[in-house]
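Me: I'm new to this one and would like a quick tour. Can we go through it bit by bit?

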Amino acid sequence: MSRNVEFLGGTSGGAWSLVFVGCRGNPPEYDGTGGGPSVTADDDPETKVAEKPFVTSDDGARYYLQVPAVRGGGGPSSSSGADHGGDGDERRDFSRVRVAVAGRDGHASLQDALDAGKDLVLSPGIYDLGKTLVVGRPGQVVLGLGLATILAPPDGSPCVRVEPYVPGVRVAGLLLEASALPPSASKRGPSALLVWGSEDAARDPGRPEDLGVLSDIFARVGGAATDRAVSADAMVEIRSGNVVGDNLWLWRADHSALREGERPTDPAKSEYHLVQEGEFPCATGLVVTGDDVTVHGLAVEHVVGDGVVWSGERGTVRFYQSEFPYDVSPETFGDPPGTAVGYRVEEHVTSHDAAGLGVYSYFRDYNVDVRTAVVHPPSPPDAGGGIGGSGNVGDGGGGTVDGDEEPPRGRHGIVLRNIFTVLLDGLGSIGSVVNGRGDPVQNQGDLSRVAVSPPRTP
């Protein structure tokens, strides 16, 4: 995926899917049904984008935290092309910034700084704080340098929580890592590594004129840990509205570090331990209940349930990739078993816009057959027959959708385009691409596409 890039010499190459948001010089939209990668080109001036905060210096003696302005949305600054000038950016003196050092600064001092209204810059390192960092002031920034890593507290609480009704917050440049609960610990309800908003509060709509922004957020459940009881229910939950995500990579481990004296599971394939069924459990990568949430660049890997569960209205996604887990069996993939998908838009949702979605499989250990990769609510009753009208997975025609279909903008306002599946290797199959439509992938290298869903009205 490319965002706000000016391609002065054009573009070439690509595998299965190319996605361009706010770029110039990119190729036109193309659904891929005639061969080659699909192209998703979003140049809508209403698209809102924001760059990650960064540190600047005048002369090496005085430092500032630069907070880029949100562009697009009909405002004075276009969301198209690169922004080299930084017009409208806010420049904050470091007198209002707390710089953290791993191993020196504990939770109390960092939380005191946040409570005093300061921004927080985490220098590179691993932060084992024992408690959640809570962001509760409008416009605050939490910025990690060098992929500063925050370990989740041992009671299942998130690494970072943004309070509801707190607009304009920026959280960026962090690696969030799940922990294992000690046998004596009591878990504080469902766990997630980052929570934006609160399910206990009335629905927080956020502010469209003062967006919250997540930039370069990476989460992992397992990998570095040798304790294979490390777990999370979800990696990121966005419960408030008007939040933009930019480059989120949410990974449940498929391999992990070796314990002392342990030999690799299969030395011919990997020098690590290959994750087995039941280890490093994590059900979902991203859960969105807030309205008007946008994500540009989203990857969810190897979770044992739905990769994404989206129940907020007017959600937008540009570029999504998801690989199903290697280690699950038909009895453990999804809750109830056999229901897991790569991307789920909940049944009550009436407006959702997603493009450039790819779901892959490599079922290494068991013969798992997934019915469909992506599900969304049915189209309106007047949208024609087939699976798009009924919403029942497995009904309606298969095959690849013709490339000349136009995205429908019907009563439900739901449109997904440039969706595909690939069987990378291994066992099992993906039976269809979206809502039971699209050819199955059953052999190594099989690729299936659906240009647009729901299908257009005949």
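What follows is a short set of questions and replies about a sheet, a surface patch and some unusual backbone spots.

Reply: Sure, with two notes to start. The model is predicted, so local features need pLDDT of at least 70 and side-chain atom pairs count only at pLDDT 80 or more, while totals for chains, interfaces and linings use all residues. Residues are numbered from 1 along each chain as its sequence is written, and side-chain values use heavy atoms, with hydrogens and water left out.

Me: Which strands stand at the edges of the open sheet in the order 4-5-6?
Reply: Three strands make up this open sheet, and their pairing is antiparallel. Here a strand is a DSSP run of E with at least two residues, numbered from the N terminus, and two strands pair if DSSP finds at least two bridges between them. Each edge strand has a single partner, so one of its sides lacks a neighbour in the sheet: these are strand 4 (54-57) and strand 6 (90-93).

Me: What is the bridge partner of glutamine 66 in strand 6?
Reply: Strand 5 and strand 6 pair in the antiparallel sense over four bridges. In strand 6, glutamine 66 has as its bridge partner arginine 91.

Me: Is tyrosine 63 buried, partly exposed or exposed?
Reply: Tyrosine 63 is found in strand 5 (residues 63-67). Buried means under 20% relative accessible area, exposed means over 50%, and partly exposed is in between (1.4 Å probe, protein chains only). Because its relative accessibility is 39%, tyrosine 63 counts as partly exposed.

Me: Where is asparagine 242, and is it buried or exposed?
Reply: Asparagine 242 has a positive phi of about 55° although it is not a glycine. Most residues other than glycine have a negative phi. You'll find asparagine 242 in the loop between strand 16 (232-238) and strand 17 (243-252). With 10% relative accessibility, asparagine 242 counts as buried.

Me: What is the relative accessible area of phenylalanine 280?
Reply: Phenylalanine 280 lies in the loop between strand 19 (273-274) and strand 20 (282-288). Its phi is near 50°, a positive value in a residue other than glycine. Phenylalanine 280 is buried, and its relative accessible area is 0%.

Me: Which residue does a cis peptide bond join to aspartate 335?
Reply: Most peptide bonds are trans. In this cis bond, omega is about 0°. The partner of aspartate 335 sits in the loop between strand 23 (315-323) and strand 24 (343-345), and that partner is proline 336.
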